[in-house]
Amino acid sequence: MTAMAHEPTPTQEELLLESFLALETPEGFKAELIEGEIIVSPAPDGDHEDVIELIVAQMYDHSKVRMQYSGNKGLRLPSGGRCPRNHVVPDGTFAPRELRLFRGAPSWMTPDGIALVIEVTSTRPDGDRVAKRHCYARAGIPLYLLVDRSRGMVTLHSDPVGEDYGDAHSTAFGKEVPLPAPFSFVLETADFT
């Protein structure tokens, strides 16, 4: 009698990740795996994109360190929460231009060297306010800028410590948001309304 080798049964987390990576999202949608939940989002509205463009323009015009920007870059973040891996697509990702992090990067890259991510709330604002904040902090991304359209607020999260950021500075639309190094300029938010 010969013994048959059996492949180990995949865990629920492994099956979820495999299903997520094989997912074919409809055109115009993006899919993310955040804290064990697959989230499929529709294309953003024009006001959402307008706010992002206003931020990107200021970054290019005023940042003390020349930045490289990527919209909708897939980030593979460290384990945590209910999922062994998080696959997040920030609305915007900034890294120092000299690093050229996006050149040759896979669809899902690690966050090493990322200076700041931005999210502009849309259909699932609590995901941006809580789950993504924890994911970005756990990954050690130094700065997380949240533009909360339904609350009319901008929050800059900084100093990641474990599962969250140690500091958060919130202000109403129309007020300035000081961005620390490597950006070292004041972000204007008057046109976010």
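Visitor: What makes β6 largely enclosed by the rest of the structure?

Guide: Bear in mind that this is a predicted model. Buried means under 20% relative accessible area, and five of the five residues of β6 meet that, so the strand is largely enclosed. Gly92, Phe94 and Pro96 point one way while Thr93 and Ala95 point the other, and all are buried.

Visitor: Why would the residues split into two sets like that?

Guide: Because side chains in a regular strand alternate between the two faces of the sheet.

Visitor: How do you know that β6 pairs with β3 and with β8?

Guide: Pairing takes at least two bridges. β3 and β6 are joined by four, running antiparallel, and β6 and β8 by three, antiparallel again, so both pairs qualify under the cut-off of at least two. Phe94 has a part in each: Tyr69 is its bridge partner on the β3 side, and Leu116 in β8 stands opposite Phe94.

Visitor: How do you know that the length of α2 agrees with a helix at 1.5 Å a residue?

Guide: Set one value against the other. The 17 residues of α2, 46-62, should span 24 Å, and the end C-alpha atoms are 24 Å apart, so the two agree.

Visitor: What covers the buried residues of α2?

Guide: The cover includes β3, β6, β8, β9, β12 and β13. Underneath are His48, Val51, Ile52, Leu54, Ile55, Val56, Gln58 and Met59.

Visitor: What makes Asp45 a cap for α2?

Guide: A side-chain oxygen of Asp45 lies 3.2 Å from the backbone nitrogen of Asp47, at the N-terminal end of the helix. A polar contact needs N or O atoms within 3.5 Å, so that distance passes.

Visitor: And α3, what is its span, and where is its kink centred?

Guide: Helix α3 covers residues 125-138 and reaches 19 Å from first C-alpha to last, close to the expected 20 Å. The kink is about 35 degrees and is centred on Lys132. Lys132 is also one of the buried residues of α3, as are Arg129, Arg133 and Tyr136, among others. Just after the helix, Gly140 has a positive phi of about 80 degrees.

Visitor: Why is Thr189 called buried?

Guide: The cut-off is under 20% relative accessible area, and Thr189 comes in at 0%, so buried is the right word. Thr189 sits in the segment after β13. Leaving aside neighbours within four places in sequence, the contacts of Thr189 are Val154, Ala172, Phe173, Gly174, Lys175 and Val177.

Visitor: What lies 2.5 Å from a polar atom of the Thr189 side chain?

Guide: The backbone oxygen of Lys175. With the limit at 3.5 Å, the pair therefore falls inside the range for a polar contact.

Visitor: Val154 is in β10. Which strands does β10 pair with, and by how many bridges?

Guide: Six bridges join β10 to β9, antiparallel, and eight join β10 to β11, also antiparallel. Val147 stands opposite Val154, and Leu156 has His169 in β11 as its bridge partner. The β9–β10 hairpin has four residues between its strands, and Gly152 there takes a positive phi near 65 degrees. Between β10 and β11 there are two residues, with Gly162 in the turn at a positive phi of about 60 degrees.

Visitor: How many helices and strands does the whole protein have, and what share of residues counts as buried?

Guide: Three helices and 13 strands, with 42% of the 193 residues counted as buried.

Note on methods. Residues numbered from 1 in each chain as written. Predicted model: local features only at pLDDT ≥ 70, side-chain atom pairs only at ≥ 80, totals over all residues. Heavy atoms only, no water. Expected span 1.5 Å × (residues − 1). Buried < 20%, exposed > 50% of the residue type's maximum accessible area, 1.4 Å probe, protein only. Contact = heavy atoms within 4.5 Å. Polar contact = N/O pair within 3.5 Å; in protein donor to acceptor, adjacent residues only side chain to side chain. Bend = angle between axes of the 7 residues up to and from the residue.
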